[in-house]
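Reader: I am in my first year and would like to learn how to read a protein structure step by step. Could you take me through one, giving the reasoning behind each reply?

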Amino acid sequence: MKFVGLSAIHHQHLALNASMVKHKDWMIPAYYTSSGEESARLQDTVGLMDEGRVGKFLIQGDTAEETLKSMVSGYASTKVGKAVAAKTVTDSSKDLLVARLSTDEYMLLTSATDLASLDLPSEESTCGHVVDITSTLASVRIIGPNSGDLLAQVVELELDPRRFADMSFVQTMVAKVHGMILRRDIGDLLAYQLFFSRDYDEYLWEALMLAGENHGVIPVGLQAMDLLHEGR
């Protein structure tokens, strides 16, 4: 029997009456109310999407960049605190994202089903260390024009969108929990992706929902995101 992944907050989605669907070997919310309503609300307020299924690799070491380049194609070196797009070596249709955390540390993001497409180096062939942190690092997407206002309620840093530009990456405290924030807009729509220990997934989901109450926050499912991407 093939494994089906469940988010750490799967039960919370069920409590919110989410309609669940199997997507790329994960059970995730397709919608909570309707895809059309959620997509429309995202363009006016703010929404939260559980993205625990996103594949995540940490690449560290003196030759981390060389190791990374052996795993992906189309990667151009970037500054610390920035993210860039890349492709898998074996399939150029598979989109990846590379975020540079420090001079010798990177995080590689992909869909869960793309993990098998990565050409992982052996420990003997490189000084760079590659660790799959998909199951240990949770992720939540914050989408919509009010997403910056929501973040301001829980983040210690000042993340003015005029200075913290699209594809910028920072490590900071989120609701008193260490996390990482990637600004990852959807076309012209402001959006952020948060990463933090899976142990805090339930706590941070509730903290973000509470912080967004005055900003019209709603939970959103996969179908609303698909509609957003189609329109951009």
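Author: Before we start, one term is needed: two strands are said to pair if DSSP finds at least two bridges between them. Please also keep in mind throughout that this is a predicted model.

Reader: With that definition in hand, how many bridges join β4 to β11, and in which sense do the two strands run?
Author: Pairing asks for at least two bridges, and β4 and β11 satisfy this, running antiparallel. As an example of residues facing each other across these strands, Asp-50 stands opposite Val-140 in β11. The number of bridges that join β4 to β11 is 4.

Reader: Which residue in β15 is the bridge partner of Gly-47?
Author: β4 also pairs with β15, in the parallel sense and over 3 bridges. Within β15, the bridge partner of Gly-47 is Ile-218.

Reader: How many of the residues of β4 are buried?
Author: A residue counts as buried when its relative accessible area is under 20%, and we can apply this to each face of the strand in turn. On one side Val-46, Leu-48 and Asp-50 are buried, and on the other side Gly-47 and Met-49 are buried, which leaves both faces of β4 covered. The strand is therefore described as mostly covered, and the count of its buried residues is 5 of 5.

Reader: How wide is the arc within which the buried residues of α2 fall?
Author: The buried residues of α2 are Ser-35, Glu-38, Ser-39 and Leu-42. Looking down the axis of α2, we find that these buried residues line one face of the helix, because they fall within an arc of 100 degrees.

Reader: Why do residues three or four places apart point the same way in a helix?
Author: The reasoning rests on the regular geometry of an α-helix, which fixes how residues follow one another around the axis. Residues three or four places apart point the same way because the number of residues in a turn is 3.6.

Reader: Which residues of α6 are buried, and what arc do they cover?
Author: The buried residues in α6 are Leu-222, Ala-224, Met-225 and Leu-228. They lie on the same side of α6, because the arc they cover around the axis is only 160 degrees. What covers these residues includes β2, β3, α2, β4 and β11. To return to the two things asked, the residues are Leu-222, Ala-224, Met-225 and Leu-228, and the arc is 160 degrees.

Reader: In what order do the strands β1, β2 and β3 stand in their sheet?
Author: These 3 strands form an open sheet with mixed pairing, in the order β1-β3-β2. The strands β1 and β2 stand at the edges with a single partner strand each, so one side of each is left without a neighbour in the sheet. Helix α6 packs on this sheet, touching β2 and β3, and its direction makes about 70 degrees with that of β3. The order asked for is thus read as β1-β3-β2.

Reader: Which strands are the edge strands of the open sheet of 6 strands?
Author: This sheet has antiparallel pairing, and its order is β6-β7-β8-β9-β5-β10. Inside it, 5 bridges join β7 to β8, and the bridge partner of Ala-86 in β8 is Leu-96. An edge strand pairs on one side only, and the strands that do so here are β6 and β10.

Reader: How far apart in sequence are the parts that Arg-141 and Glu-51 tie together?
Author: A search of the whole structure finds 4 salt bridges, and in one of them Arg-141 meets Glu-51, with the closest N and O atoms 3.5 Å apart. Arg-141 counts as buried at 5% relative accessibility, and Glu-51 counts as buried at 5% as well. Because Arg-141 lies in strand β11 and Glu-51 in the loop between β4 and β5, the pair ties together parts whose separation in sequence is 90 residues.

Reader: Is Arg-163 buried or exposed?
Author: Arg-163 forms a salt bridge with Asp-160, and these two are linked with Arg-162 in a network of salt bridges. Asp-160 counts as buried at 9% relative accessibility. The cut-off for an exposed residue is over 50%, so Arg-163, at 63% relative accessibility, counts as exposed.

Key: Residues are numbered from 1 along each chain as its sequence is written. This is a predicted model: local features need pLDDT of at least 70, side-chain atom pairs count only at pLDDT 80 or more; totals for chains, interfaces and linings use all residues. Side-chain values use heavy atoms; hydrogens and water are left out. Contact means heavy atoms within 4.5 Å. Axes are lines fitted to C-alpha atoms, for helices over the stretch in contact, and angles run from 0 to 180 degrees between N-to-C directions. A salt bridge is a side-chain nitrogen of Lys or Arg within 4 Å of a carboxyl oxygen of Asp or Glu. Buried means under 20% relative accessible area, exposed over 50%, partly exposed in between (1.4 Å probe, protein chains only). The arc is that of the directions from the helix axis to the C-beta atoms.
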